[in-house]
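Okay, thanks everyone for coming. I've got one structure to walk through today, so let's put it up on the screen.

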Amino acid sequence: QVQLVESGGGLVQAGGSLRLSCAASGRRFSISGMGWYRQAPGKERELVASITSGGSTTYEDSVKGRFTISRDNAKNTVYLQMNSLKPEDTGVYYCNADVLYFDSRILTRRWGQGTQVTVSS
């Protein structure tokens, strides 16, 4: 099974920046789409940003101009640079990856364990 390991969360003051990373590891696989979701307390998980294998990106409206998603295909890693953070950005951030296993030809979505981002006012 491909595993996704996130890092980079933490506590930051409003207006500050954080950079999240998510690295995929395993054997005999490739990754197409990757993305970041977040879940605030009492709310549903929502898509923050996504990126295709070719580098096309989409963003949730509230983060446009502040967050940047990128990836390093050679390292199977996706990043989320978060600038001008606001208290409403607080939540658990999860990365995902659409994984194709070479041997079984099964395409499945894998999730990271989540990393907490807290923005104080």
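Let me start with a quick one: which residue in strand 3 is the bridge partner of Leu-4? It's Ala-24. One thing to keep in mind as we go: this is a predicted model.

So, that pairing. Strand 1 and strand 3, which covers residues 18-25, run antiparallel, and 5 bridges join them. Now zoom out a bit. These two belong to an open sheet of 4 strands, in the order 1-3-8-7, with antiparallel pairing. At the edges you've got strand 1, residues 3-7, and strand 7, residues 67-72, each pairing on one side only. If you ignore direction, neighbouring strands in this sheet are turned by 15 degrees against each other on average.

Okay, next stop: Thr-90. You'll find Thr-90 in the loop between strand 8, residues 77-82, and strand 9, residues 91-101. Is Thr-90 buried or exposed? Buried: the cut-off is under 20% relative accessible area, and Thr-90 counts as buried because its relative accessibility is 19%.

What does the Thr-90 side chain have for polar company? A polar atom of that side chain lies 2.9 Å from the backbone oxygen of Pro-87. On top of that, the backbone nitrogen of Val-119 lies 2.9 Å from a polar atom of the Thr-90 side chain.

And the wider neighbourhood? Leaving out residues up to four places away in sequence, Thr-90 touches Ala-40, plus Gln-116, Val-117, Thr-118 and Val-119. So Val-119 turns up in that contact list as well as in the backbone nitrogen contact.

That's my bit, happy to take questions.

Methods:
Residues are numbered from 1 along each chain as its sequence is written. This is a predicted model: local features need pLDDT of at least 70, side-chain atom pairs count only at pLDDT 80 or more; totals for chains, interfaces and linings use all residues. Side-chain values use heavy atoms; hydrogens and water are left out. Two strands pair if DSSP finds at least two bridges between them. Axes are lines fitted to C-alpha atoms, for helices over the stretch in contact, and angles run from 0 to 180 degrees between N-to-C directions. Buried means under 20% relative accessible area, exposed over 50%, partly exposed in between (1.4 Å probe, protein chains only). A polar contact is a pair of N or O atoms within 3.5 Å; within protein, one must be able to donate a hydrogen and the other to accept it, and residues adjacent in sequence count only if both atoms are side-chain atoms. Contact means heavy atoms within 4.5 Å.
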